[in-house]
Amino acid sequence: MIEIGSITIDLSDPFTLMVIGVSALVLIALTLLIIAVRRAGQSARVTVQMMEQVGKLAGDVNVLNQGQHTLANNIRTVSDQQTTSQTQVIQTMEVRLAAVQAQMADKLADNAIKSARSLSDLQERMKDTLSGSSEKTTKSLTELQERLATIDKAQSNIEKLSGDVLSLQDILSNKQRRGMFGEIQLTDIVSKALPAESYTLQATLSNGKRADCLIHLPNPPGPIVIDAKFPFEAYEAFAAAETKDDQAAALRALGAAVKVHIKAIADKYLIEGETADGALMFLPSEAVYAELHARLPDVVRAGFDARVWIVSPTTCMATLNTMRAILKDARMREQAGAIRKALRQLHRDVEIIGEKAGKLETHLRQAGDDVSGVLTAATRAGKRADRLDNFDFEELAPEVDANVVPLIKSDN
């Protein structure tokens with residue numbers, strides 16, 4: 001229910017609803033009519049504006065037609081001028097083209113002549129180059145032949161070296177030969193480092209054992225033994241091992257072999273009162289020596305405990321040079337008495353030389369005085385001889401003197 005003042009509207013009444021709907025429709029129709037009238041007025045105004053624009057457009061079209069006629073006339077004029085210009089340009093181009101053709105002909109002739117000359121020069125250079133190339137090729141072939149001969153010679157040397165390597169392998173594979181190899185290398189090193197009288201090779205000791213080398217050092221320390229050992233089998237097994245277990249086993253075998261050699265040297269060559277209290281074990285391989293010090297320090301310490309020092313070719317040379325200094329010092333001490341006696345004799349000789357020199361100085365001084373007196377007398381005699389030489393006998397007046405005895409005897 002809706003109450004408007006004194007009027008009550010029942011919205012549930014169909015008639016009321018119909019009246020409301022009709023009123024709404026009438027309101028909508030009036031609204032649409034008002035809108036249509038307004039749009040009609042706007043359309044009229046737009047139509048008037050369009051008519052004005054159409055009029056202006058017609059005027060513009062007339063102006064455009066006039067401009068088009070003018071443009072056609074201008075195009076016709078430009079076309080005529082362009083035709084005239086093209087004719088003039090064509091004539092000018094023909095003249096220039098003729099001149100250019102003449103210049104091109106001249107240049108082509110010059111180029112042909114230059115090309116002919118260049119071709120002849122090129123042919124000559126090619127001949128020279130080919131002759132030089134043939135000479136170089138001949139020289140290169142000669143050098144190549146010489147190099148091939150050198151290569152053949154080197155190949156023969158390589159084959160010889162391969163044979164030497166195989167021989168070395170045969171030597172190293174045999175225990176006895178391997179021992180001889182170490183002894184030969186030790187002999188070479190000792191002979192280069194020490195004088196011949198300071199060592200003995202293959203020396204036999206009091207216990208009947210034979211040492212590879214005995215160095216005659218003075219006491220202390222006394223004669224020292226050097227024995228060559230080469231545990232090649234154990235080292236070869238270690239070098240050929242591929243797994244860690246095999247390497248460890250081969251390394252233990254190498255250490256055991258070296259310890260056996262250390263014990264043998266200590267038992268055979270350390271004799272109290274005859275040899276020094278230590279000995280040297282010579283390893284003729286720097287590789288084995290390096291592996292011992294790098295991987296088996298306990299073996300090296302075992303050698304120290306047994307007073308057996310392991311040396312390689314390099315360290316052996318250094319040790320022998322030290323021994324050489326010891327031998328030289330010992331010989332100097334042995335010869336100290338003789339040196340002092342020689343010095344006393346030398347001092348007496350120097351004193352005698354001083355006495356003789358003093359006497360000689362006295363004689364020389366006296367001889368000098370005598371020579372000075374002789375020279376003074378000679379100078380006086382020379383002056384008197386000059387005076388006699390310049391004396392004029394004719395200037396003297398002849399005098400008769402009864403006392404003068406005539407030189408010529410008279411006849412009475």
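The following exchange concerns salt bridges, a surface patch, one helix and the cysteines of a predicted model.

Residues are numbered from 1 along each chain as its sequence is written. Because the model is predicted, local features need pLDDT of at least 70 and side-chain atom pairs count only at pLDDT 80 or more, while totals for chains, interfaces and linings use all residues; side-chain values use heavy atoms, with hydrogens and water left out.

Reader: How many salt bridges does the structure contain?

Author: Side chains of opposite charge can pair when their charged atoms come close. The rule applied here asks for a side-chain nitrogen of Lys or Arg within 4 Å of a carboxyl oxygen of Asp or Glu. By this rule, the count of salt bridges is five.

Reader: Which residue forms a salt bridge with Lys192?

Author: Lys192 is exposed, at 58% relative accessible area, where exposed means over 50%, buried under 20% and partly exposed in between (1.4 Å probe, protein chains only). Its partner lies four residues away in helix 2 (residues 175-193), about one turn of the helix; helices are DSSP runs of H or I with at least four residues, numbered from the N terminus. That partner is partly exposed, at 38%. The closest N and O atoms are 3.4 Å apart, and the residue is Asp188.

Reader: What is the N to O distance in the salt bridge of Arg295 and Glu291?

Author: Both residues belong to helix 5 (residues 286-295) and are four residues apart, about one turn. An α-helix has 3.6 residues a turn, so residues three or four places apart point the same way. Arg295 is partly exposed, with 46% relative accessibility. The N to O distance between the two side chains is 2.8 Å.

Reader: Which residue meets Glu351 in a salt bridge?

Author: Glu351 is partly exposed, with a relative accessible area of 35%, and the residue it meets is also partly exposed, at 41%. The two lie three residues apart in helix 8 (residues 336-390), about one turn of the helix. The N to O distance is 3.2 Å, and the residue is Arg348.

Reader: What is the area of the nonpolar surface patch that includes Leu33?

Author: Leu33, in helix 1 (residues 14-173), is exposed, with a relative accessible area of 53%. A patch takes residues with over 30% relative accessible area and no salt bridge, joining nonpolar side chains (Val, Leu, Ile, Met, Phe, Trp, Tyr) within 5 Å and like charges within 9 Å. Leu33 is joined in this patch by Met18, Val22, Val26, Leu30 and Val37, and the patch area is about 560 Å².

Reader: Over what arc are the buried residues of helix 7 spread?

Author: The buried residues of helix 7 are Pro313, Cys316, Leu320, Met323, Leu327 and Ala330. They lie on the same side of the helix, because they cover an arc around the axis of only 85°. On the other side of helix 7, the exposed residues are Thr314, Lys328 and Arg333.

Reader: How many disulfides does the structure hold, and why?

Author: A disulfide is a covalent bond between the sulfur atoms of two cysteines, taken here as a pair of cysteine sulfur atoms within 2.5 Å. Cys213 is buried, at 0% relative accessibility, and Cys316 is buried, at 1%. The sulfur of Cys213 has its closest cysteine sulfur in Cys316, at 8.3 Å, which is too far for a bond. The number of disulfides is zero.

Key. Accessible areas come from the Shrake-Rupley method with a 1.4 Å probe; for residues, only the protein chains shown count as cover. The arc is that of the directions from the helix axis to the C-beta atoms.
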